[in-house]
Amino acid sequence: MQKTSRTTQQKEVASGDFQGIQPNLHHQIVVVGGGAAGITVAAQLLNKNKNLDIAIIEPSDKHYYQPAWTLVAGGRYKIGDTVKNQKDYIPANASWIQAYVAEFEADNNIVITREGQRINYDYLIVCPGIQIDWDLIKGLPEALGNGGVTSNYSQSYAPYTWENIKNFQGGTALFTFPETPIKCGGAPQKIMYMADDIFRQKGVRGKTKIIFCTAKDKMFAVPEYCRSLEMVIKRKDIEVKFQHNLKEIRSETKEAIFEVSSKEGLEETSIKYDLIHVAPPMSAPNFIKQSQLAIESGSSKGWVNVDRKTLQHNIYPNVFSLGDASSLPTSKTAAAIRKQAPVVVENLLALIESTEINAEYNGYTCCPLITGFGKTIMAEFDYDKKPTSTFPFDPKKERYSMWLMKRHVLPWVYWRRMLKGKPFEGDVLKFLKKNNYTQ
């Protein structure tokens with residue numbers, strides 16, 4: 001396919017000029033979202049063919065390594081080390097359109113920005129990430145950042161979590177998990193386990209009650225890892241309340257109001273707190289939910305409607321999606337994107353070349369479950385919710401080596417390899433393990 005030329009006007013738009021409605025554009029491939037998924041897939045495409053005409057639509061001039069926010073909250077990472085300039089990670093041969101997407105005209109192959117700019121595409125990759133719905137918990141937006149109410153799901157509050165934990169003098173510490181899908185599903189537990197360690201080091205654990213309130217009915221979706229976490233909970237003497245969904249924060253009385261599911265139906269209960277870490281409800285961004293690209297009904301309503309294996313849209317064949325906004329029934333993590341991106345790349349290039357689409361994604365994802373300082377379970381699994389370890393040892397056990405991997409190796413891999421479109425290191429390790437080259 002002939003590469004679309006770029007005019008001077010296009011370059012001005014790509015540099016982030018928001019003055020008025022810009023001229024319409026056309027690009028061969030438009031990527032919606034410049035986060036982990038968008039940058040990774042664009043870099044991999046251009047590594048395959050530098051002549052592809054790719055535009056990335058992303059409003060933020062900053063790029064965050066969000067998996068480290070938990071470590072910021074645990075006092076083991078600086079918030080400034082989790083952010084870099086977006087311009088340094090946009091692939092050199094891609095155009096950057098610094099704008100917010102407002103809507104899609106999928107029948108006409110058009111993306112429309114908030115400023116009214118219309119961007120025509122031949123192929124579309126949708127990966128804007130996930131929307132955090134703070135306002136769905138009454139009183140939460142007003143309470144955040146004060147009175148012991150915090151959340152690691154924002155760079156604004158992760159440092160406040162650490163401030164509260166290190167200064168905690170005893171009382172009730174609540175940690176919540178919502179009923180919706182969320183990114184990094186293990187994060188609400190990770191900070192709880194680190195808090196327990198810090199409370200013990202400070203000598204205040206004996207006068208502290210730690211409660212994990214989750215809207216789910218188990219600690220983790222994968223049975224093998226769930227059993228490991230149940231042992232951690234028992235060892236740390238943490239109280240767990242299942243089917244407790246946080247609905248309201250009453251900051252004036254320091255009460256958390258939960259909707260509790262039981263055989264008798266729904267009832268409301270209140271728990272007093274001195275510290276509460278909230279994992280807020282999340283959903284697909286509104287501009288996706290309201291578009292033709294979204295699933296219209298059922299449990300996956302609102303997410304981008306793609307085939308779980310090929311990542312190709314089920315209605316619009318020139319559209320693909322990966323990452324948190326997709327309907328893929330697996331955990332929403334950066335590790336999942338590492339395995340999804342090559343599938344999108346291979347299948348999109350096959351579509352461009354009018355050859356058969358063969359690449360398939362098996363649902364692989366990974367969640368490094370920090371269970372304390374120096375302890376991490378590297379939980380890897382697939383669509384079948386079966387452990388699928390990259391490393392030549394039992395993945396269900398807590399390991400110091402996996403703590404080092406989480407703390408030091410994975411951030412380096414993210415900035416230096418993943419965002420540069422480099423191959424997934426786990427594939428090499430699995431090949432070596434399969435051929436008995438590792439012990």
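Trainee: Let's start with strand S15 in this predicted model. How many bridges join strand S15 to S16?

Mentor: Find strand S15 at residues 255–262 and follow it alongside S16. The two run antiparallel, and Ser262 stands opposite Gly265 in S16. The number of bridges joining S15 to S16 is 8.

Trainee: Okay, and which are the edge strands of the open sheet with the order S14-S15-S16?

Mentor: That sheet has 3 strands, with antiparallel pairing. Its twist averages 25° from one strand to the next. An edge strand here pairs on one side only, and that fits S14 (244–250) and S16 (265–272).

Trainee: There's another open sheet, ordered S10-S17-S11-S12-S13. Which of its strands have one side left without a neighbour in the sheet?

Mentor: This one has 5 strands, and the pairing is parallel. Look for strands with a single partner strand, because that leaves one side of each without a neighbour in the sheet. Those are S10 and S13 (239–241).

Trainee: Which residue in S13 does Phe212 stand opposite?

Mentor: Start at strand S12, residues 208–214, which runs parallel to S13. 3 bridges join the two strands. The residue in S13 opposite Phe212 is Val240.

Trainee: Now a helix: how wide is the arc that holds the buried residues of H5?

Mentor: H5 covers residues 158–167, and its buried residues there include Ala158, Tyr160, Thr161, Asn164 and Ile165. Remember that an α-helix has 3.6 residues a turn, so residues three or four places apart point the same way. The buried residues of H5 line one face of the helix, because, seen down its axis, they fall within an arc of 155°.

Trainee: And what covers those buried residues of H5?

Mentor: The cover includes both helices and strands. On the strand side there are S10 (149–150) and S17 (275–277). Among the helices are H3 (69–73) and H6.

Trainee: Is Asp196 buried or exposed?

Mentor: Asp196 is found in helix H6, residues 187–202. Leaving out residues up to four places away in sequence, Asp196 touches Arg205, Ile210 and Lys236. Its relative accessible area is 0%, and under 20% counts as buried, so Asp196 is buried.

Trainee: Last one! Which helix gives the most to the largest nonpolar core?

Mentor: That core holds 139 residues, and Phe104 is one of those that touch the most other members. Beyond four places away in sequence, the residues Phe104 touches include Val32, Leu124 and Phe287. With 10 residues in the core, the helix that gives the most is H9 (residues 334–352).

Definitions and conventions
Residues are numbered from 1 along each chain as its sequence is written. This is a predicted model: local features need pLDDT of at least 70, side-chain atom pairs count only at pLDDT 80 or more; totals for chains, interfaces and linings use all residues. Side-chain values use heavy atoms; hydrogens and water are left out. A nonpolar core is a set of buried Ala, Val, Leu, Ile, Met, Phe, Trp, Tyr and Cys residues joined through side-chain atoms within 4.5 Å. Buried means under 20% relative accessible area, exposed over 50%, partly exposed in between (1.4 Å probe, protein chains only). Helices (H or I, at least four residues) and strands (E, at least two) are DSSP runs, numbered from the N terminus. Contact means heavy atoms within 4.5 Å. The arc is that of the directions from the helix axis to the C-beta atoms. Two strands pair if DSSP finds at least two bridges between them. Axes are lines fitted to C-alpha atoms, for helices over the stretch in contact, and angles run from 0 to 180 degrees between N-to-C directions.
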